[in-house]
Amino acid sequence: MAKKRPQTKAKRPQLTEGEIPVVGAREPCPCGSGRRYKACHGRAAAHAVTELVHRPFEGLPGECDWIALRELVPAATAELMLKDGLPEGVPSVTLATVLPMAWPALRRDDGSVLLGLQNDTSSGDISRDLADTLQRALAADPGTPVKARRAPADGPRLQDLLDLNAPFEPVVHSGFEFWVPDPENATPDVTASLERANAAAIPTVKLSGVDAAYWCETPEKNHLRWVMPHPEEQLLDALARLHAAGRSSLGEGTRLVGSFRAHGLTVPVWDLPSGTGADDVEKPAAEFAERLAEALATDAPLTADERRARGGLTNRQITLS
């Protein structure tokens with residue numbers, strides 16, 4: 001039998017580092033090495049996307065409210081101002097907690113952009129993922145949603161795209177009607193998604209007297225969840241001082257029950273009686289803010305009672321991110 005001639009492989013053009021696109025992990029690497037992407041240039045990309053940014057919203061106006069809208073508030077919007085102004089044909093950019101069918105973003109028929117905040121992200125930097133989605137939404141055709149993808153590791157972050165001098169002013173909604181400017185012409189999928197979202201939304205109100213505090217109503221009891229900007233250890237010490245002194249409540253029947261840890265900040269949580277509404281805690285919350293400021297300014301060592309109170313608060317802390 002005649003021997004087969006050895007096959008010679010044509011050399012593929014080699015790409016520079018900056019030209020190599022992101023592909024599926026098991027696909028051939030675009031650099032032309034012949035290896036799978038995950039075993040070649042995907043190694044560096046995988047390391048980049050898994051590196052966790054502890055405080056992804058740090059440096060943005062309203063960092064505490066960004067965290068609240070990401071983790072705690074069902075339905076809310078906030079207008080976003082871009083550093084370089086709005087592109088032609090884009091009348092507005094609005095951040096939304098959730099979009100229909102969990103779209104990452106939507107370019108509406110009128111050219112305006114809705115950017116979804118409560119979506120799974122492919123990297124450890126939510127800010128970079130959101131910035132990539134925003135850039136693609138600004139360039140999308142009107143009337144189309146933006147699909148999820150892995151953001152480039154060297155892409156811009158929200159801090160690079162947004163006007164950092166513009167205030168961040170969330171508006172909390174009772175439902176998701178802001179999805180549909182013209183309900184009569186909504187598609188059946190969007191209408192069904194709207195109905196499901198409205199049925200699951202927990203009534204929530206943003207307090208007006210203090211920053212980033214949100215009242216919510218549940219069937220058993222109500223709660224106040226307050227995102228605070230202070231360093232975690234310092235805040236826990238201050239809360240422990242107040243708790244040990246019996247000064248950590250927001251009035252009769254209320255109780256500081258623990259805290260969440262979310263995106264680098266701490267979120268104390270109070271249980272409220274079911275009849276306690278948002279207006280009822282406005283004044284107590286403002287008074288608590290004054291007590292907390294005093295406790296934060298104290299640097300004396302914790303007493304034995306305060307250490308026990310701190311241990312109890314720490315044991316009831318849940319990490320959301």
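Among contacts in the chain between residues at least 6 apart in sequence, what percentage join residues at least 24 apart? In this predicted model, 61% of those contacts join residues at least 24 apart, and that is a useful figure to keep in mind while you look at the whole chain.

Begin with everything shown as a cartoon, where the secondary structure comes to 8 helices and 12 strands. If you then colour the 321 residues of the chain by accessibility, the buried ones make up 45%.

Next, select helix 6, which covers residues 232-244, together with helix 7, which covers residues 278-296. Two packed helices are described by the angle between their axes and the distance between the axes. Here the angle is about 115° and the axes of helix 6 and helix 7 are 9 Å apart; since angles of 65 to 115 degrees count as roughly perpendicular, the two helices are therefore roughly perpendicular to each other. The crossing of helix 6 and helix 7 is right-handed.

Keep both helices on screen and show the side chains where they meet. On the helix 6 side, select Gln234, Leu235, Ala238, Leu239, Arg241 and Leu242, and on the helix 7 side select Phe288, Arg291, Leu292, Ala295 and Leu296. Sorted by character, the residues of this contact are 8 nonpolar, 1 polar and 2 charged.

Now turn to the aromatic rings, of which a search of the whole structure finds 7 pairs. Select phenylalanine 176 and tryptophan 179, whose ring centres are 5.0 Å apart and whose planes stand at 40°, so this pair is tilted. Are these two residues buried or exposed? Phenylalanine 176 has 4% relative accessibility and therefore counts as buried, and tryptophan 179, at 5%, counts as buried too.

Move on to tryptophan 270 and phenylalanine 288, where the ring centres are 5.1 Å apart and the planes are at 80°, so the pair is edge-to-face. Tryptophan 270 lies in strand 11 (residues 265-272) and phenylalanine 288 lies in helix 7, so that you can follow how the pair links distant parts of the chain, 18 residues apart. Tryptophan 270 counts as buried at 0% relative accessibility, and phenylalanine 288 likewise counts as buried at 0%. You have already selected Phe288, for it is one of the helix 7 residues that meet helix 6.

For the last stop, select Phe57, Trp66 and Phe168, and look at their rings together, as these three residues form one aromatic cluster.

Methods. Residues numbered from 1 in each chain as written. Predicted model: local features only at pLDDT ≥ 70, side-chain atom pairs only at ≥ 80, totals over all residues. Heavy atoms only, no water. Axes fitted to C-alpha atoms, helices over the stretch in contact; angles between N-to-C directions. Helix = DSSP H or I, 4+ residues; strand = E, 2+ residues; numbered from the N terminus. Parallel < 35°, antiparallel > 145°, perpendicular 65-115°, else oblique. Left-handed = near helix turned anticlockwise from the far one by under 90°. Contact = heavy atoms within 4.5 Å. Nonpolar A, V, L, I, M, F, W, Y, C, P; charged D, E, K, R; others polar. Phe/Tyr/Trp six-rings, centres within 6.5 Å; stacked < 30°, edge-to-face > 60°. Buried < 20%, exposed > 50% of the residue type's maximum accessible area, 1.4 Å probe, protein only.
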